[in-house]
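Welcome to a short guided tour. Keep your viewer open, have the selection tool ready, and follow along one stop at a time.

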Amino acid sequence: MLAVRKVRRKLRMGTICSPNPSGTKTSLEVCNADWMASLPPHLHNVPLSHLAIPGSHDSFSYWVDEKSPVGPDQTPAIKRLARISLVKKLMKKWSVTQNLTFREQLDAGIRYFDLRVSSKPGDVDQEIYFIHGLFGIRVWDGLMEIDSFLTQHPQEIVFLDFNHFYAMDEAHHQRLILRIQEAFGSKLCSACSVESMTLQTLWEKRCQVLIFYHCPFYKQYPFLWPGKKIPAPWANTTSVHRLIPFLETTLSERAPRGSFHVSQAILTPRVKTIARGLVGGLKNTLVHRLASIPFSPLRFSRRS
């Protein structure tokens, strides 16, 4: 636990590695972009499921397109309201949950990504997009951004959790899975025993990407991990005082072996929450409440 606390303390400091004038990094620099590579040797053979790994919620939603159709993850009532242009502007305030791009999150030390994807109505190219109320960037663009980082940081490992799919038939899934293969190639880690997953074994295999796929299609591809291997219990509350006990309880009740575990340190708006803070948006209404929690308001995957 001591080593884990040290890592979390560094991440809370928000230090992001930047080259010194000579273009090289000194041994004294704290570098979140390479924090896994910088862990002490005695942690290299500890199962990844025993480490506290920082992550982000709706990781892709640093940008959403208010000019696009409302996503299929929304109710018919919201879709009707969204015909009014002002409604989409307000939706954007509640759909954006991050202010850093994938690359910026990776540089800051984020290694777990919560991903929700969808096809887009009328898209002739059958592309798959990230989605949270409104459509975000193409999944392909996001994957390439992540792959670029991993190529530059060969000892960093990422968890990509594809946990929600909307308006996707078999052809869409086939296209998405092909995109994943094309983006990461040999960096993909085949599903295996969770306890055998250590930094050292992954470094030796030169694998850097664990893909969790919450859909039966995972059975057809060895590099797709089933969603049950990374449960993410959800508090579904706007109360910090309810969230903390929920996180403590679910963490203590997690499976002792065989899976990772996601602690969702997030507050979820309800209809009346949005109605009361319509103009303020998610950031001004709920995010500041998390500042009172005695840990970083990130999403942690931990088993320790």
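Start by selecting Ser59 and Ser56: their side chains make a polar contact, at 2.8 Å. Keep in mind throughout that this is a predicted model.

Now stay with Ser59 and find where it sits: in the loop between S1 and H2. Is Ser59 buried or exposed? Ser59 is buried, with a relative accessible area of 0%. To see what surrounds it, show Gln98, Phe102, Gln105, Tyr112, Phe113, Asp114 and Leu115, which Ser59 touches once residues up to four places away in sequence are set aside.

Next, select Asp58. This residue is in the loop between strand S1 (53-56) and helix H2 (76-81). Look at the backbone here: Asp58 is not a glycine, yet its phi is positive, about 45 degrees. Asp58 is also buried, at a relative accessible area of 1%.

For another positive phi, go to Arg206. Its phi is about 60 degrees, and Arg206 is not a glycine either. You will find Arg206 in the loop between helix H7 (199-205) and strand S6 (209-213). Is Arg206 buried or exposed? With 68% relative accessibility, Arg206 counts as exposed, whereas Asp58 is buried.

Now for the cysteines. How many disulfides are there? The count comes to zero. Select Cys189 together with Cys207 to look at one case: the sulfur of Cys207 is the nearest cysteine sulfur to that of Cys189, and it is 5.1 Å away. A disulfide needs the two sulfur atoms within 2.5 Å, so Cys189 is in none. Colour Cys189 as buried, since its relative accessible area is 3%. Then add Cys215, which also counts as buried, at 15% relative accessibility; the cut-off for buried is under 20%.

The last stop is helix H5, residues 139-152. Try the distance tool on its end C-alpha atoms: in the model they are 20 Å apart. Why does that agree with what one would expect? The helix has 14 residues, and at 1.5 Å a residue the expected span is therefore 20 Å.

Finally, show the side chains along H5 and pick out the buried ones: Val139, Trp140, Gly142, Leu143, Ile146, Asp147, Phe149 and Leu150. As you turn the view, remember that an α-helix has 3.6 residues a turn, so residues three or four places apart point the same way. With that in mind, try looking down the helix with Val139, Leu143, Ile146 and Leu150, which are among the buried residues of H5, highlighted.

How values were computed. Residues are numbered from 1 along each chain as its sequence is written. This is a predicted model: local features need pLDDT of at least 70, side-chain atom pairs count only at pLDDT 80 or more; totals for chains, interfaces and linings use all residues. Side-chain values use heavy atoms; hydrogens and water are left out. Buried means under 20% relative accessible area, exposed over 50%, partly exposed in between (1.4 Å probe, protein chains only). Helices (H or I, at least four residues) and strands (E, at least two) are DSSP runs, numbered from the N terminus. A polar contact is a pair of N or O atoms within 3.5 Å; within protein, one must be able to donate a hydrogen and the other to accept it, and residues adjacent in sequence count only if both atoms are side-chain atoms. Contact means heavy atoms within 4.5 Å. The expected span of a helix is 1.5 Å times one less than its number of residues.
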